[in-house]
Amino acid sequence: MSSLKLPVGAAGAEPSDAGPAPVRPGFAARTWRTVRSSRPAVIGLVIVAVHVVVALLAPLLTPYHPTTGDAAHALLGPSADHWAGTDQYGRDVLTRVLYGGRYALGVSVTATLITIALGTVLGCAAALRGGWLDDVVMRVLDAVLSIPAILVLLVIVTALGTGPSVIVLAIAVVCVPQVVRVVRGAALAVAPQDYVTAARARGEGTWAILRREVLPNISDVVCVEFAMRASWVVLLISSLSFLGFGADPPTPDWGLMVSENRTAITVVPMASLAPIIGLATMVVGLNLAADGLSKAWGVDRIREGV
Amino acid sequence: MTTAPKAPIVSVDELSVAYRSGSGGREVPVVQEVSLEVRPGRTLALVGESGSGKSTVAATLLGHLRHGSRITGGRVAVDGEDVFALSARELRRLRGGTVAMVAQNAGHALTPSMRIGRQIAEAGGEVPVTDLLEQVRLERPRELARRYPHELSGGQQQRVAIAMAIAARPKVLVLDEPTTGLDVITQRGVLDLIGALREELGLAAVLVSHDLGVVARMADEVCVLSAGRVVEAAPTRRLFAAPADPYTRRLLASVPRIADAGLAVVGEDGTREIRPRADSVGAVDVVDVREVTIDYGASRAVDGVSFRVRRGEVLALVGESGSGKSTIAWSLAGLRAPSGGTMRAAARGGAGAVVGGGSGGRLGARPGGDGPLGVSSGGDSDGLVGGASGGDGPVGGSLGGSRGGLSGVVSGAGSGGRADGPLGVSSGGDSDGPVGGSSGGDGPVDGSYGGDGPRGGSPGSDSNGSSGGSSGTSPGRDGDLAAPARRRPLALRRAVQLVFQNADTSLNPRRSVGDAVRRPLHFFGTAGSRGEAATRARQLIADVRLGPDFADRLPAQLSGGQRQRIGIARALAGEPDLLIADEITTALDVSVQADVLRLLDDLRRERELACLFISHDLAVVRGIADRVVVLRHGVVVEEGPTDAVFAVPGHPYTRALMAAALEPDPEAEGAVAAAEEWADAAEPGALWDDLGGGHRVRRWRPADG
Amino acid sequence: MFSFLLRRVAAALGTLLLSSVMVFLAVQALPGDVATQVLGRDATPDAVAALRQQMGLDRPAWERYFDWIKGALHGDFGTSLVTTKPVGGEVAQYLGNSALIAVVTVLFAVTGSVVLGVLAGLYRDRWPDHLISTVSLVGMSVPEFVVATVLVLAFSVTVPVLPAVVLYGPGAGVGQLLPAVWLPAASLAIVMAAYIVRMARTSVIDVMASEYVTTARLKGLTTWRVVTRHALPSALLPTLHVIALNVAWLVGGVAVVENVFNYPGVGKLMLTSVQNRDLPVIQAIALISAVVYVSCNLAADLGSMALNPKLRTRGGRIR
């Protein structure tokens with residue numbers, strides 16, 4: 001027969017999930033625990049990590065140069081010397097694929113970081129301030145969204161050139177609206193919570209409320225959005241390169257490689273397939289990570305059990 | 001259990017259920033070896049606090065288990081059939097046909113995209129939908145059947161849910177907290193309906209409830225659960241008259257009763273002792289609310305409400321949902337601007353102490369207790385009086401001042417109310433009365449005045465200087481509460497602090513409890529250094545009777561009652577004059593509620609804290625409040641000292657509320673709610689019938705015909 | 001309800017107006033103005049100035065903007081700098097070809113993905129869910145041109161049943177184009193379906209966990225009835241907006257895929273116009289895309305009104 005404890009100090013029963021640990025787990029520790037508990041997230045992050053390592057170590061992994069070819073050895077099939085064969089200029093396909101991750105990762109990560117930062121600030125501000133600011137921001141962003149991303153990218157790149165900084169800027173323009181939408185939605189869910197109300201009743205400023213009360217509670221959404229958006233950006237940049245508006249020709253880029261070698265697909269299929277595999281694994285990795293994180297954090301509101 | 005001639009229609013035998021969260025989690029027993037029986041026509045109540053497993057047991061009667069749960073032992077038989085041995089087809093026939101369920105929240109339990117007529121028809125049975133709707137005493141059933149759930153009120157939705165449950169004429173009705181979340185009068189109606197249907201249809205019922213008042217009224221037998229086990233099972237009368245188990249005794253003792261003349265203090269062994277009301281009520285007004293109206297768009301939530309709260313007093317705002325009681329709280333806290341009337345906070349000595357003394361670190365800023373009057377009256381009248389009060393206390397002096405003239409005009413409306421103050425100053429207030437009265441009418445004047453307050457009150461000025469130096473800039477805490485929080489002077493923001501209803505959402509889940517309490521200390525500048533803030537946060541956490549090591553925990557590691565205590569500690573960190581408690585015990589279990597109420601009572605005694613206690617629960621109010629204000633649709637219908645109002649409720653609405661309140665006593669046949677028809681008879685200039693001693697009732701007359 | 005509709009339409013028109021301004025300004029920002037484009041780099045400044053005057057380029061930007069909008073409202077988008085034909089007619093021709101792909105894509109992607117998404121949601125955490133989720137994850141992770149390339153490899157190279165490239169111009173008839181529609185449409189449908197499947201799955205799981213679905217189950221209803229009558233209307237609500245967004249996305253996705261297959265659609269036109277700096281055509285395509293986007297969203301809003309009686313009767317606001 002159980003008895004109800006009514007100590008002066010602690011009313012009510014301990015919640016079952018409390019555990020004895022009185023130490024506050026930091027965000028990093030909590031994240032690590034969540035991530036480990038989700039197999040897709042681990043797999044995804046490992047894939048992305050491998051991509052990062054390979055991109056960084058590319059010069060050590062291959063004896064060939066990514067942009068200079070040997071015309072005598074053009075359009076070779078896979079062999080011991082060239083594991084994935086060579087392309088029409090006699091460049092080693094595997095080398096170009098390994099180096100290709102550098103461009104994809106570098107540009108995507110930079111672009112995504114800027115996009116997320118901008119989108120988070122805008123989205124939170126719109127959600128917390130509400131009123132006309134919210135209306136104006138959402139209307140403008142809707143207008144940006146209404147024009148196809150590819151067209152916006154093409155116009156910006158045509159106007160300003162195809163340098164990596166231009167592409168980063170162009171990606172930011174195209175992606176910020178969507179990030180704002182997501183973040184704003186998350187912030188709107190936090191805004192009516194009583195702890196935010198308590199801060200308002202103290203008369204705290206918008207910035208303080210944002211930083212102290214809202215951001216910590218949407219950081220999971222932002223993280224998931226980062227992974228999702230990064231995968232999207234990788235795809236977008238590769239599409240741009242494929243269309244000939246992204247990386248300039250000698251640059252080893254996956255999208256560009258597919259478009260260069262597509263015509264020779266019957267002769268050297270590996271020249272097209274290798275960059276496709278590089279691209280697909282990276283995006284799958286990012287998507288898995290996003291998926292796993294969102295599931296572990298309950299971001300997509302799929303509650304596991306309780 | 002009484003030996004009834006009929007065989008039980010429901011029998012649960014040594015039932016155990018375990019729950020596993022996620023895929024890797026360990027299995028947690030939710031229900032352990034629970035046995036019970038229900039005979040045809042009888043009602044069994046499953047009673048327990050949250051987490052006792054009562055809802056889980058009830059759902060097994062329909063062969064339903066939560067995702068992740070499984071039966072680890074025992075069996076459930078309904079009408080002779082082992083529920084968990086049935087095939088899918090047989091189970092469907094059992095559900096609805098033999099056992100039907102009325103879920104807790106009808107608002108969530110009805111499909112939003114389907115007309116209710118179709119939802120009822122779908123439940124099967126031969127009875128036409130309109131007949132069913134009539135049977136649950138809903139008017140114009142034909143029209144109602146064509147509506148969608150969101151177009152009905154909460155009470156109507158619950159009746160529709162009941163109609164759906166009885167559609168196929170089941171033998172057993174499972175009622176899972178059928179009236180939780182409904183207003184008292186609505187709840188009474190729904191319970192009466194369930195009782196009547198039970199008789200009419202000869203239903204056996206299993207009632208899940210945490211509310212012992214509901215149980216006392218409805219059940220024939222009671223089964224008390226705690227942590228998944230049956231603690232005690234007995235016929236209702238016997239259980240309430242002579243509870244055998246200590247847990248049951250404490251549970252029963254914790255329930256506040258409408259007849260208590262004070263707060264019940266529950267002992268370890270379940271004894272209860274009524275603590276006499278505090279005599280800490282001072283004579284000083286802390287907050288003065290006059291003719292306040294608050295609008296939500298076109299609809300008026302609060303209409304001309306006036307009340308005052310004195311130092312050390314607990315004033316209860318009582319009303320059903322939609323009475324505007326929480327709106328008033330939010331408005332006082334600076335979260336919603338009133339559209340008319342005045343709301344003023346009186347000054348207090350403590351404010352000056354903290355503003356002036358800076359990091360003086362005086363936890364109880366109370367000592368200035370006498371100062372406030374002097375200061376507030378200083379604001380009300382002219383500079384002369386302010387000067388006098390300056391001499392009064394060590395602190396007040398800094399606040400008297402040249403502003404007096406201006407604030408006197410603006411806050412004049414308030415000064416009339418302070419006529420009962422002991423100092424001669426009040427006469428000054430009186431003389432200002434007429435002027436104040438006129439300015440009280442138009443809010444905007446107040447608003448503009450409030451605007452220039454902030455600079456004066458800013459704590460940055462760590463002036464220990466002469467009173468003359470700060471008097472010019474500091475109107476003190478005597479302030480206009482009509483201004484939104486952000487535009488109030490810092491001292492005024494501290495003066496009013498809010499504790500929220502839902503402890504789950506009132507604390508930031510990503511910040512430690514200590515952080516939550518430290519923040520106001522930092523923000524209001526009352527703690528000079530980090531170390532001091534940490535020390536004081538620990539002290540505050542200890543003040544709400546929690547161990548200081550709680551400071552390092554996250555809200556998720558606390559129980560509901562503990563979280564609510566932290567909510568109170570956070571509010572206390574501002575050293576408020578007025579604590580607003582907005583339904584703070586509504587979401588808590590009854591034993592936890594008793595603890596939190598006691599804490600609140602202790603705090604106001606220790607700190608002479610004024611408290612605006614907002615509640616729908618008359619029994620709770622009876623125990624804790626010194627005075628009561630009854631609100632209905634944003635209008636005050638009755639107010640007065642608690643004992644007077646409960647002894648002789650003057651307004652038919654108050655009487656209806658009291659009649660609907662359920663006592664945890666099956667013998668109590670509560671005053672039969674004679675549906676008294678009435679109409680408002682208040683006229684400008686003749687709003688009130690005064691019953692003496694501050695007890696007054698809004699004028700009404702019996703309705704015609 | 002009426003005011004809700006009105007508000008939505010007004011908002012849509014506002015968005016359109018805003019995007020038209022953006023389009024106009026962005027195109028103005030492109031280097032080299034139309035006169036230089038027409039006359040070539042070696043033209044004398046006098047000749048350029050004369051042409052600028054003739055084309056009205058010396059007038060202030062806002063005047064030209066209003067002229068453009070006025071024309072656009074009548075279907076007159078100016079003349080193409082490359083073909084010197086009216087832009088309106090030219091775009092319409094390409095647009096018609098693209099619409100053929102779009103209709104096939106939407107038909108397959110939407111029906112297929114909703115069914116799969118609901119299935120995955122219902123069989124949550126069992127093998128159909130795992131299968132569908134994995135496939136949709138991969139679908140999401142490969143760009144359109146990769147899907148297109150792989151499809152070409154499979155159905156034009158290995159098993160040559162469908163054409164890898166279109167050999168007809170924009171004026172080709174439906175009969176000539178029809179065989180070439182399937183591969184582009186399939187590429188787009190696979191990518192598009194992946195997103196919708198995931199959304200549908202999530203919202204089905206959400207709704208199936210709701211109290212009203214539990215209540216419906218405890219009423220003794222069959223699973224089929226619970227799903228179709230109680231769960232689906234609410235589950236489809238959020239999916240509807242994802243579908244709308246994806247249909248609008250088609251306009252951009254089409255650009256890549258049409259390029260792979262050399263299909264004479266609006267995407268290909270877009271690309272060549274950007275390459276040729278054919279400003280009036282770019283403007284026209286952008287504006288038309290904006291119209292498509294806005295009307296898709298409006299349609300989704302109307303659809304949610306049909307599914308959600310709360311919106312119908314109270315005119316609440318959708319977030």
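## A tour from one buried valine outwards

Select B:V102 to begin: leaving aside residues up to four places away in sequence, B:V102 touches B:A161, B:I162, B:A165, B:L173, B:L175, B:D176 and B:P178. This is a predicted model, and every value on the tour is computed from it or, where stated, taken from a record. B:V102 lies in strand 6 of chain B, and because 27 C-beta neighbours fall inside 10 Å, B:V102 counts as buried. If you then add B:S591 to the selection, you have a residue 489 positions away along the chain, with 26 Å between the two C-alpha atoms.

**Across to helix 9 of chain C**

Keep strand 6 of chain B on screen and select helix 9 of chain C, residues 211-218. What do the buried residues of helix 9 of chain C pack against? From chain B they meet helix 2 (88-97), strand 6 (99-102) and helix 3 (106-109), and from chain C itself they meet helix 8 (174-208) and helix 10 (223-261). Seven of the eight residues in helix 9 of chain C are buried, so this helix is largely enclosed by the rest of the structure. To show them, pick C:Y212, C:V213, C:T214, C:T215, C:A216, C:R217 and C:L218. After helix 9 of chain C comes C:G220, where phi is positive, near 90°.

**How far to trust chain C**

Colour chain C by pLDDT, which averages 81 in this chain, with 91% of the residues scoring at least 70. Where in chain C is confidence highest, and where is it lowest? The highest mean, 89, belongs to helix 9 of chain C, the helix just visited, whereas the lowest, 66, belongs to helix 2 (residues 34-39) of chain C. Select also residues 315-319 of chain C, over which pLDDT stays under 50 and for which the model has 10 contacts beyond four places in sequence. Where pLDDT is low, the predicted coordinates should not be read in detail. For the complex, the predictor gives an ipTM of 0.80 and a pTM of 0.76.

**Chain C as a whole**

Zoom out to show chain C in cartoon form, and you will find 13 helices and zero strands. The C-alpha atoms of chain C fill a box of roughly 85 × 55 × 30 Å along the principal axes, and of the 319 residues in chain C, 45% count as buried. Among the contacts in chain C that join residues at least 6 apart in sequence, 73% link residues at least 24 apart.

Next, select the spans that UniProt, in an unreviewed entry, gives as "transmembrane region": residues 99-123, 135-157, 177-197, 235-261 and 281-300 of chain C. One of them, residues 99-123 of chain C, is 96% helix and 0% strand in the model, with 35 Å between its end C-alpha atoms. Another, residues 177-197 of chain C, is 100% helix and 0% strand, and its end C-alpha atoms lie 29 Å apart.

**Where chain A meets chain C**

Bring chain A into view beside chain C; chain A has 10 helices and zero strands, and buried residues make up 52% of its 306 residues. Of the contacts in chain A with a separation of 6 or more, 70% are between residues 24 or more positions apart. How many residues does each chain bring to the contact between chain A and chain C? Chain A brings 39 residues and chain C brings 42. On the side of chain A that touches chain C, helix 4 (131-145), helix 5 (149-160), helix 6 (164-190), helix 8 (206-242) and helix 10 (269-297) each supply at least two residues. Coloured by class, that side of chain A shows 24 nonpolar, nine polar and six charged residues.

**Last stop: helix 25 of chain B**

Return to chain B and select helix 25 (residues 530-543), whose 14 residues reach 20 Å from the first C-alpha to the last, close to the 20 Å expected at 1.5 Å a residue. Its buried residues are B:A533, B:A537, B:R538, B:L540 and B:I541. These residues cover an arc of only 160° around the axis, which puts them on the same side of helix 25 of chain B. Helix 24 (513-523) and helix 26 (560-573) of chain B are among what covers these buried residues. The tour ends at B:R545, which follows helix 25 of chain B and has a positive phi, near 65°.

Notes
Residues are numbered from 1 along each chain as its sequence is written. Chains are lettered from A and ligands numbered from 1 in the order in which they are written. This is a predicted model: local features need pLDDT of at least 70, side-chain atom pairs count only at pLDDT 80 or more; totals for chains, interfaces and linings use all residues. pLDDT is the predictor's confidence in each residue, from 0 to 100. Helices (H or I, at least four residues) and strands (E, at least two) are DSSP runs, numbered from the N terminus. Two residues are in contact if their C-beta atoms, placed from the backbone, lie within 7 Å. Ala, Val, Leu, Ile, Met, Phe, Trp, Tyr, Cys and Pro count as nonpolar, Asp, Glu, Lys and Arg as charged, and the others, Gly among them, as polar. A residue is buried if 20 or more other C-beta atoms lie within 10 Å of its own, exposed if 12 or fewer, and partly exposed in between; C-beta atoms are placed from the backbone. The expected span of a helix is 1.5 Å times one less than its number of residues. The arc is that of the directions from the helix axis to the C-beta atoms. UniProt positions are given in the numbering used here, feature names are shortened, and annotations may be inferred rather than shown by experiment.
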